[in-house]
Amino acid sequence: VIGGGGGNNMFIYTSPTVSGATFKMAYQNDGGAAAVSDSYMDFAIAYSPEAVEGLTLGYASRDKDMGTNLDEDADTMYIKYAFGPLTVGYQHSEIDFAATTSNDLETDAFGVSFQVNDDLSISYGESETEAETSTTDQELEGISIAYSMGSMSIAAHANEGKNIANQTDNESTHTEISINFAF
């Protein structure tokens, strides 16, 4: 669900896969639910053509009616291709706010992962978000590595964010190493 709406009076439908295509939709009427002011609707379609193994195309859209000048419309589309141990993906998203003072957002992101062998994988991704009311773009990037051996796994990631929330010099870094044991 693109907007993550939820609550009472929500209808969700997921179609069976037909010739590589799957359709999903959700609708929620206010009906007194605290989750939405008026109504919420989204839909998504994912298509994996049978003629091109490993390719997936997707599109999703959301319409959230929240009262006068507070409506939000969001659209996202992606392409993902997996070939052997390599997976590459690209996504473009836009959020349009109907408020008088608008802060529309546009994001482009890509990622690549490589399964070195059954036990070791490495991945890298980055994104850039442009805000209508800012001349500073938010930039995020991260790299991760994971290794598993029997019931033990070791994983590490390093992430960096520049101009978080499109604010100049608002930076964040995060590095983590984890070891997990399954008994």
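Reader: Which elements each supply at least two residues of the nonpolar patch?

Author: β6 (86-97) and β9 each supply at least two residues of that patch, where strands are DSSP runs of E with at least two residues, numbered from the N terminus. This is a predicted model, in which local features need pLDDT of at least 70 and side-chain atom pairs count only at pLDDT 80 or more, while totals for chains, interfaces and linings use all residues. Residues are numbered from 1 along each chain as its sequence is written, and side-chain values use heavy atoms, with hydrogens and water left out.

Reader: Which residues form the nonpolar patch?

Author: Patches are made of residues with over 30% relative accessible area and no salt bridge (a side-chain nitrogen of Lys or Arg within 4 Å of a carboxyl oxygen of Asp or Glu), with nonpolar side chains joined within 5 Å and like charges within 9 Å. Here L86, V88, F114, V116, I122, I143 and I145 form the nonpolar patch, with about 530 Å² of accessible area together, by the Shrake-Rupley method with a 1.4 Å probe.

Reader: Is I122 of strand β8 buried, partly exposed or exposed?

Author: Buried means under 20% relative accessible area, exposed over 50%, and partly exposed in between. I122 counts as partly exposed because its relative accessibility is 35%, whereas Q138, in strand β9, counts as buried at 15%.

Reader: What does the side chain of Q138 reach?

Author: A polar contact is a pair of N or O atoms within 3.5 Å, one able to donate a hydrogen and the other to accept it within protein. The side chain of Q138 reaches the backbone nitrogen of A165 at 2.8 Å.

Terms used: Helix = DSSP H or I, 4+ residues; strand = E, 2+ residues; numbered from the N terminus. Buried < 20%, exposed > 50% of the residue type's maximum accessible area, 1.4 Å probe, protein only.
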